[in-house]
Amino acid sequence: MSKDTFTAYVEAFLECSGQNQVYKYLRTFQVGKVGSTLARDVGSGDVLIGVFDEMENGLGKSALCVVSVAQINVKYKEALEVCRLGSVSKRGFIRDIRPQGDCPSSLASLWNGSSCSPSSNLDMSLEISQADPLVASAFYEVSSSEGLRSTAFVVADDETVAFGGKKDGKIDKVHVLTNASSQLIATLPMSDSFPIVSLKP
């Protein structure tokens, strides 16, 4: 397959599910290993803990959510397989960018060695196949007035402690109990006028 005649990319949608709320916009995240207590739910490998927003502009509710990197990799491999087979039967996240004109409609024929003539105009929005998004679990949620803006987490003994920097200038320190529950340890006032947009573990 010539890169001069065909370009494609795989797109994976990651969402977060909370209490009667779906957060579709990942703002920021940290990847690393968690304590053994939380690892019983999410595995002993790397996990992603991120800030997810209800609204793209960040004005709605927000949450801290966790998902294993292994799950993300599985979803990407699934996407690549759908792409290779040229399936159009599922909802999900494959998008094909290819020259317009006499090109095969199935990605499978391209993988089998077929090609098409390049064109100066590219179809940038041909949706080939879509599958359900990967859904992370919310373990901590805040109101729109508080608004999470950053996160970091550390491991203390066997436990995982997450920090959520908020737009009201405070940091919430949270004990992550499971992939879907937590306990607020403390709220730390840091600034009266500036949001906490960056945290380092």
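This briefing covers the strands, sheets and a few chosen residues of one protein. The model is predicted. The protein has 201 residues, and 40% of them are buried. Its secondary structure comes to three helices and 13 strands. Two open sheets are described below, one of six strands and one of four.

**The whole protein**

- The protein exposes about 10,800 Å². Carbon and sulfur atoms supply 50% of that area.
- Take the contacts in the protein with a separation of 6 or more. Residues 24 or more positions apart account for 60% of these contacts.

**The six-stranded sheet**

- In general, strands of a sheet pair through backbone hydrogen bonds, either parallel or antiparallel.
- This open sheet has the strand order 3-2-9-6-5-4, and its pairing is mixed.
- Strand 3 (22-23) and strand 4 stand at the edges. Each has a single partner strand, so one side of each is left without a neighbour in the sheet.
- Strand 2 covers residues 14-17 and pairs with strand 3 in the antiparallel sense. Two bridges join this pair.
- Cys 16 has Tyr 23 in strand 3 as its bridge partner.

**Asp 53, in strand 5**

- Strand 5 spans residues 47-53 and includes Asp 53.
- Is Asp 53 buried or exposed? Asp 53 has a relative accessible area of 3%. The cut-off for buried is under 20%, so Asp 53 counts as buried.
- Which residues does Asp 53 touch, not counting those up to four places away in sequence? Among them are Tyr 23, Lys 24, Tyr 25 and Arg 27. The list also includes Gly 58, Lys 61 and Ser 62. Leu 148 and Arg 149 are touched too.
- Tyr 23 thus appears twice here: as the bridge partner of Cys 16, and as a contact of Asp 53.

**Strand 4 and a nonpolar patch**

- Strand 4 runs over residues 25-32, and Val 31 lies in it.
- Val 31 has a relative accessibility of 41%. Partly exposed lies between the cut-offs of 20% and 50%, so Val 31 counts as partly exposed.
- Val 31 joins Leu 26 and Phe 29 in a nonpolar surface patch. The patch has an area of about 250 Å².

**The four-stranded sheet**

- This open sheet has the order 10-11-12-13, and the pairing is antiparallel.
- Strand 10 (148-156) and strand 13 (181-189) stand at its edges. Each has a single partner strand, so one side of each lacks a neighbour in the sheet.
- From one strand to the next, the twist averages 25°.

**Strands 11 and 12**

- Strand 11 covers residues 159-166, and strand 12 covers residues 170-178. They run antiparallel and are joined by six bridges.
- Ala 162 has Val 174 in strand 12 as its bridge partner.
- Gly 164 stands opposite Asp 172, also in strand 12.
- How many residues lie between strand 11 and strand 12 in their hairpin? There are three residues between them. Gly 169 is in the turn, with a positive phi of about 85°.

**Strands 12 and 13**

- Strand 12 also runs antiparallel to strand 13, with eight bridges joining the two.
- His 175 has Gln 183 in strand 13 as its bridge partner.
- These two strands form a hairpin, with two residues between them.

Key. Residues are numbered from 1 along each chain as its sequence is written. This is a predicted model: local features need pLDDT of at least 70, side-chain atom pairs count only at pLDDT 80 or more; totals for chains, interfaces and linings use all residues. Side-chain values use heavy atoms; hydrogens and water are left out. Patches are made of residues with over 30% relative accessible area and no salt bridge: like charges are joined within 9 Å, nonpolar side chains (Val, Leu, Ile, Met, Phe, Trp, Tyr) within 5 Å. Accessible areas come from the Shrake-Rupley method with a 1.4 Å probe; for residues, only the protein chains shown count as cover. A salt bridge is a side-chain nitrogen of Lys or Arg within 4 Å of a carboxyl oxygen of Asp or Glu. Buried means under 20% relative accessible area, exposed over 50%, partly exposed in between (1.4 Å probe, protein chains only). Contact means heavy atoms within 4.5 Å. Two strands pair if DSSP finds at least two bridges between them. Axes are lines fitted to C-alpha atoms, for helices over the stretch in contact, and angles run from 0 to 180 degrees between N-to-C directions.
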